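Reader: I am in my first year and still learning how to read a protein model. Could you take me slowly through a single part and show me what surrounds it?

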Amino acid sequence: MEAAIILVFVMGYLAITLEHSIKIDKLIPALVMMAICWALIALGLEHFSQWFDSGKHALLENFGLLEHEEKVHLMEETLLHHLGKTSEILVFLLGAMTIVEIIDYFDGFATIKGFIKTKKKTKILWIFSILAFILSAIIDNLTATIVLISILQKIVKDRNTRIWYAGLIIIAANAGGAWSPIGDVTTTMLWIGNKVSTGNLIAYLLIPSFFCMAVPSLIASFLPAFKGELDIEEVDDKPKSRFSSTMLYLGLGAIVFVPIFKMVTHLPPYVGMMLSLGVVATFAEIYSSSRFTMTIVDSHESDAHAHHSPVHYSLSKIELPSILFFLGILMAVAALESLGILFGAADWLRESTPQLGTEIESRGVSDLVVMFLGVGSAVIDNVPLVAASLGMFSEPLDNQLWHFIAFSAGTGGSMLIIGSAAGVVAMGMEKIDFFWYLRKISWLAFIGFVIGSAAFMVMRAIL
């Protein structure tokens, strides 16, 4: 029965990886995989000899000796536990996505256009790279990529030039998301799962992530594609709402407030995110009321949701397929964890991996293996990879293993355009060819990843 569950997981994983080839959205195999895995567990309870007790965080070796009713009760408790932990992540993401959409409703991101005052290609490259690095740490790498490429499309006429900028934006956004607990889904998973703390995550990963962004940008500055000046299209930088700047700073400040709220109250991050959403939504409703003179984007006025409430409109824009995908993949990995399969895989890694490179404290997996995980995240979605690592390793909070996993999974996906959410959305927005990215951008991303990994090892030795 365990073999059947592993086979279902592998087939689902393969379908997710081949999403663009088989033309089936990855949320479908994720949900089907999750449901079938848990169904097989429920039908084959009598055949399992061990079980992972989530409450005690330990394997129950005598699981096979329990009565059927006790096994069913334990399975239900475990399922509820994992659903609760998964829901914490999903509710957090829903809150963050809604705040970003509210900012966009008020055209808040138009403020960023004012930063671009030059036509020199190399200067614009650094402006977008630094903006992507900072913005992705606040509003997540996926949203930062969408915002910056949208701005890029409005100021750069030549598509062949834009896709070069888009490639470097992907690298910078993924690097920026790695050092922030709210910058990337995988880092958020580690943070909410009490594997990393905000302070130590920033301390260990800020400099490595900066190198991961800066080195590729520096090399690209000398490439022919970034020589000379741009023929920049003149655009109307006047915001469509007089509250655009206010909502931008309020929304970004509200998101940054969440880690502070967690450190002060020790409550789960989603509680702070809901508080931040409530505050931002309150101001959004006030600013959009008839008591204020305001010019709204025409598309907003034509939308029934926008006519009644900016919050309702923003909620209607949330990318629910991504939320459902995370639900499916996290609960499917939880099924493997509950049977102790992931722990068996971790033991095999510890026993069979040669001890190469600098050892991470209190574990038998070499740095090279964690780097392989980063390279693997370019081929396989990094969410299930990190979810699997959460079940495989039991190292305590802020163990250096978790920091390196956060960096590797967050930045390794830049090596292929399909290796990260930022890359996939850029591919869709600019119709970037997979092999063009492989030839032109992948080697830059690889160099940044290796330099960043080396910087992390130095930071770890210092700290």
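Author: Before we begin, one term is needed: contact here means that heavy atoms lie within 4.5 Å, and a residue counts as buried when its relative accessible area is under 20%. Please keep in mind throughout that this is a predicted model.

The part to look at is helix 11, which runs over residues 269-288 and has 20 residues. From its first C-alpha to its last it reaches 28 Å, close to the 28 Å expected at 1.5 Å a residue. Its buried residues are P269, G272, M273, S276, L277, V280, A281, A284 and Y287, and these pack against helix 4 (68-105), helix 8 (185-192), helix 10 (244-265) and helix 14 (310-316).

Among these neighbours, helix 8 deserves a pause, because eight of its eight residues are buried, so that helix is largely enclosed by the rest of the structure. If you follow helix 8 along the chain, the buried residues are V185, T186, T187, T188, M189, L190, W191 and I192, and just after this helix you come to N194, which takes a positive phi of about 55 degrees.

Another neighbour, helix 4, leads us to the largest nonpolar core, which has 143 residues and in which W38, I41, W51, I102, F128 and I139 touch the most other members. Helix 4 gives the most to this core, with 13 residues. To see one of those well-connected members in detail, take I139, which touches V100, F109, A144, V147, L252 and I255 when residues up to four places away in sequence are not counted.

F128 also belongs to an aromatic cluster, together with W164, Y165, F226 and W436. The structure as a whole holds 19 aromatic pairs. In one of them, the rings of F133 and F210 have their centres 6.0 Å apart and their planes at 80 degrees, so the pair is edge-to-face. This pair links distant parts of the chain, with F133 in helix 5 (residues 121-139) and F210 in helix 9 (residues 198-220), 77 residues apart. F133 is buried, with a relative accessible area of 7%, whereas F210 is partly exposed, with a relative accessible area of 40%. A stacked pair is formed by F407 and F449, at 6.1 Å centre to centre and with 10 degrees between the planes. F407 lies in helix 19 (residues 400-412) and F449 in helix 22 (residues 442-462), so this pair ties together parts that are 42 residues apart in sequence.

Methods. Residues numbered from 1 in each chain as written. Predicted model: local features only at pLDDT ≥ 70, side-chain atom pairs only at ≥ 80, totals over all residues. Heavy atoms only, no water. Helix = DSSP H or I, 4+ residues; strand = E, 2+ residues; numbered from the N terminus. Expected span 1.5 Å × (residues − 1). Buried < 20%, exposed > 50% of the residue type's maximum accessible area, 1.4 Å probe, protein only. Core = buried A, V, L, I, M, F, W, Y, C linked by side-chain atoms within 4.5 Å. Phe/Tyr/Trp six-rings, centres within 6.5 Å; stacked < 30°, edge-to-face > 60°.
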